[in-house]
Amino acid sequence: MNAPLASPPSVKTTCPYCGVGCGVKATPDGRGGALVEGDAAHPANLGRLCSKGAALGETVGLDTRLLHPLVRGADGALARASWDTALDRIADGLKAVRNAHGPGGIAFYLSGQLLTEDYYAANKLAKGFLGTAHVDTNSRLCMSSSVAGHKRGFGSDTVPGSYEDLEAADLIVLVGSNTAWCHPVLFRRMEAARKARGTKFIVIDPRRTETAAEADLHLPLAQGTDALLFSGLLAHLAQSPAFDAAYVRDHTTGFDAALAHARAVAPDAEATARACGLDVEDVARFFALFADTARTVTCYSQGVNQSVAGTDKVNAILNCHFATGRMGREGMGPFSLTGQPNAMGGREVGGLANQLAAHMGFSPAEVDRVRRFWDAPHMATREGHKAVDLFAAIGRGEIKALWVMGTNPAVSLPEADGVRAALKGLDLFVLSENVAVNDTAQCHPHVMLPAAAWGEKDGTVTNSERRISRQRPFLAPPGAVKPNWWALAQVAARLGFGNAFAWRGPADIFREHAALSGFENARTRDFDISAFADLSDAAYQDFAPVQWPAPRGRPQGTQRLFAEGGYFTADRRARFVAPAEVQAAQANDAFPILLNTGRIRDQWHTMTRTGLSPRLGSHILAPFVAVHPDDAAPLDLVDGALARVSSAHGAALLEVRIDAGQRRGTLFAPIHWSGATSSHGRVGPLVHPVTDPLSGQPDSKATPATLAPHAAP
Ligand code: SF4
């Protein structure tokens, strides 16, 4: 049984699921579980919790936990070992690979579930001391197109607004986001705005989701045409009273080229409707509502990001906010809804292969700045492989050692069966996990390390509105469980780097992270939390949620950015970008239907935690595929029938759900079921390994596929 920490009886922490980052008050129940309630004082949720957050107390048991290090012995079997044995094996393995293959033979694959302090430690060890930039994360799968789009548009990876803007808006446009299911507490805040001030909702999504069902206007556009729709909107805005000529003149560049492109591809509502497969009246209404409503927030999520043209879609949206000057002012602005609890914190410390810590890149000056701050002996000097490429490099035998932390790539990556095969060929495969059994653990790890789980972890996370919050422990770590940062520091010490990793606890790491963010700070860098570089241990313990940037002298943080320009480009101007019109994968004779994958309301990722709650499991019992009635009828598929969905990469057997809200010619299937929870319902193997060329984010929304009735053997 998980033992409660002695005091205090109730601890304020943060939900470990989605990027809303809700505050939670947790009280151990003395029986191994915990009572949870929303934290009324947390600005993200003001006391609310969704079904997943409310069930957190049911998911902290020890039945499925990995409690001791496991090391693979000469007999080929994993056996319980001491931490010293496990850490020695990792250090020796990393040394051997580095000596034989150079630093590029080593990679890390991290997770948006990790705390910022764990992420920082992994990036410092890899990029500064081992010398490899092959450090990527499952956050690549959730928001890297928004990162790339923001960097092109703003010069930085910055979300300009705050959740409060959703309550101050008169129009909320939701693009590629089933907010009601995937960011439920934010959706409740939007609903509260609708009740209080009559806020209108427009949902842009090929599927009639639960969110779309509540919209004032739903635009079920053809898959992949979002950038065209927003180009059409830009052309409309340019000739409407909403056009803010002064903002465009004073704070932006590139407008003329972007407008010329928009007028060429989508000159008016009629042409836009034709290009996007929409009714012209609906498009005209969208254009008019957007133009006529100053207080407009445009939210976007995986339907935008998980695309071969995800970055372009983001920039097409930003263009419309630049053109109207609706940036960083109350109730206005573009808003990326982050999928994971700490996708943003991971970016802050360089958790993507194309980043260094503190939102720095790989320019010689930035590499040198980080090298000097860390006094790093083996600084990586150029970008590493992004997630899909990273596992492809493992498959080709170029990467020999991999350390995976807190994620399940054997299920969640595209072409997941290829990932499984690649993992089994590594010279050194280290897996830091909460659970003893999952699909990745079945891919022949040489060492498994028992990592602290939610309720035991101690550190910080950052949510979608740039708000840093504490995750605090309320349960004692069971067995030999340790935090990830500790395991990384112990390995660093064995490699001879102990002085640079001699942290006493997460507060030391947070202070170092904060100091680096302000080190020789440049006006072209957005991320600065140097106000906390000298935080005391007690102040770290009591740390109240705050939105960055928080430079020295501004510990209260920053609610909004860019109302008066001040972008993080060299000339401080925003950039209009003309989308490149990247051609998405098309259905074809061999694979005539497009498979879209995504989330359901009550499960999280591969269910290793939410699967422990019977309450959550009762929402949707089995893996399914949603099919439009017109696509089902010729195949004699009926509700509840078993269908085989296949692509060029794999196949799954899924229960049919006839759904008139599904766009014809498309399917939808949830991502959550794994080999551990279903013998036949994994959809990861089907997803094509196609990525956005700028962001490297996989296109998980449009894999050409086939649908057929399952003939029982
Ligand atoms: Fe947790 Fe997200 Fe639900 Fe909030 S909305 S309780 S962060 S899953």
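**Exercise 1. In this predicted model, find the bridge partner of Val 645 in S24, and then place the two strands in their sheet.**

Step 1. Val 645 has Ala 652 as its bridge partner in S24.

Step 2. Strand S23 covers residues 642-647 and strand S24 covers residues 651-658; the two run antiparallel and are joined by five bridges.

Step 3. Both strands belong to a barrel that six strands close, in the order S21-S25-S22-S24-S23-S26, and the pairing in it is mixed. On average, neighbouring strands of this sheet are turned by 45 degrees against each other, direction ignored.

**Exercise 2. Work out which strands stand at the edges of the open sheet of seven strands, and say which helices pack on the sheet.**

Step 1. Write down the order of the open sheet, which is S5-S4-S16-S15-S14-S6-S7, with mixed pairing.

Step 2. Strand S5 (78-80) and S7 each have a single partner strand, so they stand at the edges and one side of each is left without a neighbour in the sheet. From one strand to the next, the twist averages 15 degrees.

Step 3. Look at one pair inside this order: S6, made of residues 106-110, pairs with S14 in the parallel sense over four bridges, and in this pair Ala 107 stands opposite Leu 402 in S14.

Step 4. Now add the helices. Helix H2 (residues 83-101) packs on the sheet, where it touches strand S4 (70-72), S6, S14, S15 and strand S16 (447-450), and its direction makes about 130 degrees with that of S16. Helix H21 (residues 484-494) also packs on the sheet, touching S6, S14, S15 and S16, while its direction makes about 155 degrees with that of S14.

**Exercise 3. Decide whether Thr 137 is buried or exposed, and describe what surrounds this residue.**

Step 1. Locate the residue: Thr 137 is part of strand S7, which spans residues 135-137.

Step 2. The relative accessibility of Thr 137 is 1%, and because buried means under 20%, Thr 137 counts as buried.

Step 3. Once residues up to four places away in sequence are set aside, Thr 137 touches Tyr 109, Leu 110, Ser 111, Gly 112, Tyr 119, Gly 351, Leu 352 and Ala 387. One of these, Gly 351, is 214 residues apart from Thr 137 along the chain, yet their C-alpha atoms are separated by 6.5 Å.

Step 4. A polar atom of the Thr 137 side chain lies 2.9 Å from the backbone nitrogen of Ser 139.

**Exercise 4. Explain why the buried residues of H17 line one face of the helix, and carry out the analysis again for H20.**

Step 1. In helix H17, which runs over residues 364-374, the buried residues are Glu 366, Val 367, Arg 369, Val 370 and Trp 374.

Step 2. Seen down the axis of H17, these buried residues fall within an arc of 160 degrees, and therefore they line one face of the helix. A general rule helps here: an α-helix has 3.6 residues a turn, so residues three or four places apart point the same way.

Step 3. The cover over the buried residues of H17 includes H3 and helix H22 (506-518). Just after H17, Asp 375 takes a positive phi of about 55 degrees.

Step 4. Turn to helix H20 (residues 416-423), where Ala 416, Val 419, Arg 420, Ala 422 and Leu 423 are buried. Viewed down the axis of H20, its buried residues fall within an arc of 165 degrees, so they too line one face of their helix.

Step 5. Among the elements that cover the buried residues of H20 are helix H18 (387-395), strand S14 (401-405), helix H19 (409-412) and strand S15 (428-433).

**Exercise 5. Find out how far strand S12 is enclosed, and name the strands that pair with S12.**

Step 1. Strand S12 consists of residues 296-300, and five of its five residues are buried, so the strand is largely enclosed by the rest of the structure.

Step 2. Thr 296, Thr 298 and Tyr 300 point one way from S12, whereas Val 297 and Cys 299 point the other way, and all are buried.

Step 3. S12 pairs in the parallel sense with strand S8 (residues 171-175) over five bridges, and Val 175 stands opposite Tyr 300.

Step 4. S12 also pairs in the parallel sense with strand S13 (residues 333-336), over four bridges, and here Val 297 stands opposite Gly 333.

How values were computed: Residues are numbered from 1 along each chain as its sequence is written. This is a predicted model: local features need pLDDT of at least 70, side-chain atom pairs count only at pLDDT 80 or more; totals for chains, interfaces and linings use all residues. Side-chain values use heavy atoms; hydrogens and water are left out. Buried means under 20% relative accessible area, exposed over 50%, partly exposed in between (1.4 Å probe, protein chains only). The arc is that of the directions from the helix axis to the C-beta atoms. Contact means heavy atoms within 4.5 Å. A polar contact is a pair of N or O atoms within 3.5 Å; within protein, one must be able to donate a hydrogen and the other to accept it, and residues adjacent in sequence count only if both atoms are side-chain atoms. Two strands pair if DSSP finds at least two bridges between them. Axes are lines fitted to C-alpha atoms, for helices over the stretch in contact, and angles run from 0 to 180 degrees between N-to-C directions.
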